[in-house]
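Hi everyone, and thanks for making room for me today. I'd like to walk you through one small set of coordinates, so please have the view open in front of you.

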Amino acid sequence: IEHSDGSLELTPDHLLRVDGRLAPAREVRVGSSLEGPSGPSAVTSVSRTADAIINPRSPRAARSSPPDQRAGPSSRRTRR
């Protein structure tokens, strides 16, 4: 995503403030307004690539994990 203040490389599910609402990066279009720490920034270009993902954890990935991998240690306690 190229915008008036720079550029971003994100996964499609990454959430951003777009046009006044929280939205996944896949919904960003040329002309959208991104909200950041320095104020609004107009999107000038959007491209899609197939690079490696640095951190593949997302809400979608967490839902598809087996329950024993998703749960923390406190949920594995047994009653005595």
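Let me begin with a term I'll need: a residue is buried if its relative accessible area is under 20%, exposed if that value is over 50%, and partly exposed in between. Take aspartate 13: its relative accessible area is 27%, so it counts as partly exposed. Please also keep in mind that this is a predicted model.

Now the overall picture. The protein has 6 strands and 2 helices, and the order along the sequence is β-β-β-β-β-β-α-α. Of its 80 residues, 18% are buried. The protein exposes about 6,600 Å², with 51% of that coming from carbon and sulfur atoms. As for contacts with a separation of 6 or more, 30% are between residues 24 or more positions apart.

Let's go to the hairpins. Strands β3 and β4 run antiparallel and are joined by 4 bridges. If you find leucine 15, you'll see proline 24 of β4 standing opposite. The hairpin leaves 2 residues between the two strands. Aspartate 19 sits in that loop, with β3 covering 15–18 and β4 covering 21–24. Here is something to look at on your screens: what is the phi of aspartate 19? That angle is positive, about 50°, although the residue is not a glycine. For context, most residues other than glycine have a negative phi.

There is another hairpin further along. Strand β5, residues 33–36, pairs with β6 in an antiparallel way through 4 bridges, and 2 residues connect the pair. Within this pairing, serine 33 has alanine 42 in β6 as its bridge partner.

While we're in β6, let me stop at serine 41, which belongs to that strand, residues 39–45. Is serine 41 buried or exposed? Its relative accessibility is 5%, so with the cut-off at under 20% it counts as buried. What does its side chain meet there? One polar contact, at 2.7 Å, goes to the side chain of histidine 3. A polar atom of the serine 41 side chain also lies 3.2 Å from the backbone nitrogen of aspartate 5. Setting aside residues up to four places away in sequence, serine 41 touches His3, Ser4, Asp5, Ser32, Ser33 and Leu34.

That last name, Leu34, takes us to the nonpolar side of things. The largest nonpolar core has 8 residues: Ile1, Leu16, Val18, Ala23, Ala25, Val28, Leu34 and Val43. Leucine 34 is a good place to click if you want to explore it. Not counting neighbours within four places in sequence, its contacts include the core members Ile1, Leu16, Val18, Val28 and Val43. Leucine 34 also contacts His3 and Ser41, and those two residues are the ones whose side chains share the 2.7 Å polar contact.

Now for the charged residues. How many salt bridges does a search of the whole structure find? There are 3 of them.

One is between aspartate 13 and arginine 26, at 2.3 Å from N to O. Aspartate 13 comes from the loop between β2 and β3, and arginine 26 from the loop between β4 and β5, so the pair links distant parts of the chain, 13 residues apart. We met aspartate 13 at the start as partly exposed, and arginine 26, at 34% relative accessibility, is partly exposed too.

Another salt bridge joins the side chains of glutamate 35 and arginine 17, at 3.9 Å from N to O. Glutamate 35 is in strand β5 and arginine 17 in strand β3, so this pair ties together parts that are 18 residues apart in sequence. Glutamate 35 has a relative accessible area of 40%, so it counts as partly exposed. Arginine 17 is partly exposed as well, at 37%.

Then there is arginine 21 with glutamate 27, whose side chains meet at 2.7 Å, N to O. Arginine 21 has 44% relative accessibility and glutamate 27 has 34%. Why do these two count as partly exposed? Because both values fall between the 20% and 50% cut-offs.

If you take one stop away from this tour, I'd suggest serine 41: buried at 5%, and in polar contact with histidine 3. Thanks for listening, and I'm happy to rotate the view for anyone.

Conventions: Residues are numbered from 1 along each chain as its sequence is written. This is a predicted model: local features need pLDDT of at least 70, side-chain atom pairs count only at pLDDT 80 or more; totals for chains, interfaces and linings use all residues. Side-chain values use heavy atoms; hydrogens and water are left out. Buried means under 20% relative accessible area, exposed over 50%, partly exposed in between (1.4 Å probe, protein chains only). Contact means heavy atoms within 4.5 Å. Accessible areas come from the Shrake-Rupley method with a 1.4 Å probe; for residues, only the protein chains shown count as cover. A polar contact is a pair of N or O atoms within 3.5 Å; within protein, one must be able to donate a hydrogen and the other to accept it, and residues adjacent in sequence count only if both atoms are side-chain atoms. Two strands pair if DSSP finds at least two bridges between them. A nonpolar core is a set of buried Ala, Val, Leu, Ile, Met, Phe, Trp, Tyr and Cys residues joined through side-chain atoms within 4.5 Å. A salt bridge is a side-chain nitrogen of Lys or Arg within 4 Å of a carboxyl oxygen of Asp or Glu.
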